[in-house]
Amino acid sequence: MGTVGVKVDVVRGLAVKEAHAKIIDEHGRTLAKNDNVKSIDDTLTLDAQPLQFEALSSMQGPLKLEIREPGRLYGSTVASCTLPLDAVLLPFEADVELPLQPKGTLKATIYFDDRRPLYGLDLRAAAARGRDDVPAVVTACCACLDALPPSKQRGLYRVPGDNAEVSRVRDALDASRTFEDASQVVQGAEPSVVASVLKLYLKELTPALLRCSSRAYAAFTASQSPSKLRDAIKLLPPHAHSTTKHLFAHLRRVADQSEANKMTPGNLGVCFGPTLCHGDDDLSSMDAHNAIVQGLVEHFASVFAPESDPFDAHFDALSTGDTLDKDGFESLAYALGCFPAVDVEAFADLPRRCEDGRVSRDECRAWWARRQRETPPPLSEASYTMVAFFLNYDSQRAGVLDDAGFAGLYQGLLDAGYDLGSLEDLLAEMGGTSFRDFVGWFEGLCAAADVDELCDAAEGVAVDA
């Protein structure tokens, strides 16, 4: 399977002057040991090469790491700890601190030089051996197929490759350790063969790529709208997210050439639905699986668009360029949940103004960073106008309206054309008179009504200071 290395860095809590470390398997057989030990008080430093041993597929139970004191005729083990197999077969180097029995602690660095076949390998382990947290099979096959002219992509993924050639290439990919190894294997192979070995690799993943998270899979099957697919993608583990993004970037490129290759998003959905979502419900959920893949191809740009910085979203919504005036900065502070009357210290180091009296984005960002607070999510487009509207009636600048301020806000909304019922009804709907109550209530209106109409109404609201 590969070579495991355990470098014991420090052992604390043992009153021995000499010791060595030893790893034994479930049958008591010694796999590796270390005799080079230094002792300072109750701290042992094992300053030598890592304890290395070959991990075999026949290993069943946990391993044991023993700290032994040489020279004793009986009971030379002074402390020990267990190492579960999944703790030593990690696809990345890990620093661990483990409790020893009957006392003491051990710090060690564990790594696993994985030589297992790529097909059927756990996705996290395969991704760790690839590029950018994506398995080498996926990156190499996608790169090979992306380099083809559209005329060579006709029927791609729909026309299977020659069985004997697929088996040969698959076996060679199984032994590849890097992206470069995998690229050399697929170079020169027929497009149908490369497409087949990629689909075969994805088909053998357990669990399937889009089922690496049960929550993500449930979200995928619930709706294929762009926003819901985007939410579902976020629920995938990092290695599955990276692999999914890389694969669907390639499938989107294939779909962009559909006039030549005849592989539309719908056709790709039929080809990859069973491959990426396989499970116990394959027959009953076939249409849903195909729709998930089709949706991810069709809406790739919006589903995988980079997350916008929430601070930039607030700033951009309140500015007309890359600076804010005094009122704009006050609105930004409110949008971030920061109010002058109750956050006096937060306004003690205001952003430096430019020559024209405005403040830059970088100065505002630095000011907010010094607060060390979480940035609230962006508001809807119309709600940013309502930030200034609320400010017009918050004379105390405390983020909460008094009775007179709330009455003024109510009348102002009526004058703007909002059908609100009585003052008491509005207060009951809002639940309170704070800035957050007000914006939360207005966001609810945006969700339940025609947002364009609300934006038009918001633009007509008078906000004279």
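**Note on helices, loops, strands and cysteines**

1. Helix H18 is followed by Gly417, a residue with a positive phi near 105 degrees. This model is predicted, and the points below should be read as comments on a predicted model. H18 itself covers residues 403–415, that is 13 residues, and it reaches 18 Å from its first C-alpha to its last, which is close to the 18 Å expected at 1.5 Å a residue. The buried residues of this helix are Gly405, Phe406, Gly408, Leu409, Tyr410, Gly412 and Leu413, so that list includes the glycines Gly405, Gly408 and Gly412 under the cut-off of 20% relative accessible area that defines buried.

2. On the other side of H18 in sequence, Arg397 lies in the loop between helix H17 (381–393) and H18. Phi of Arg397 is near 55 degrees, a positive value in a residue other than glycine. With a relative accessibility of 24%, Arg397 counts as partly exposed.

3. A second positive phi in a residue other than glycine belongs to Lys262, where the angle is near 65 degrees. Lys262 is placed in the loop between H10 and helix H11 (265–276), and its relative accessible area of 36% makes it partly exposed.

4. Asn261 is part of helix H10 (residues 258–261). Is Asn261 buried or exposed? Asn261 is buried, because its relative accessible area is 0%. The side chain of Asn261 is joined to that of Gln153 by a polar contact of 3.1 Å. When residues up to four places away in sequence are not counted, Asn261 touches Pro150, Gln153, Arg154, Gly155 and Val254, so Gln153 appears both in this contact list and as the partner in the polar contact.

5. Two cis peptide bonds deserve a look. One joins Gln101 and Pro102, with omega at about 10 degrees, and Pro102 sits in the loop between strand S9 (94–99) and strand S10 (105–114). Another cis peptide bond runs from Thr206 to Pro207, with omega near -5 degrees; Pro207 is found in the loop between helix H6 (191–203) and helix H7 (214–222).

6. The strands on either side of Pro102, S9 and S10, run antiparallel and are joined by 6 bridges. Their hairpin has 5 residues between the strands, and within it Gly104 takes a positive phi near 100 degrees. S10 also pairs with strand S1 (residues 2–12), again in the antiparallel sense, over 10 bridges. Ala108 in S10 links the two pairings, since Val8 stands opposite Ala108 and Val96 also stands opposite Ala108, where a pairing of strands requires at least two bridges.

7. How many disulfides does a search of the whole structure find? The search finds 0 disulfides. Cys141 is in no disulfide, and the nearest cysteine sulfur, that of Cys142, is 7.0 Å away, whereas a disulfide would need a pair of cysteine sulfur atoms within 2.5 Å. Cys141 counts as buried because its relative accessibility is 0%.

8. Why is Cys144 without a bond to its closest cysteine? The sulfur of Cys144 is 7.1 Å from the closest cysteine sulfur, in Cys141, and this is too far for a bond. Cys144 has a relative accessible area of 21% and is therefore partly exposed, since buried means under 20%.

Conventions
Residues numbered from 1 in each chain as written. Predicted model: local features only at pLDDT ≥ 70, side-chain atom pairs only at ≥ 80, totals over all residues. Heavy atoms only, no water. Buried < 20%, exposed > 50% of the residue type's maximum accessible area, 1.4 Å probe, protein only. Helix = DSSP H or I, 4+ residues; strand = E, 2+ residues; numbered from the N terminus. Polar contact = N/O pair within 3.5 Å; in protein donor to acceptor, adjacent residues only side chain to side chain. Contact = heavy atoms within 4.5 Å. Expected span 1.5 Å × (residues − 1).
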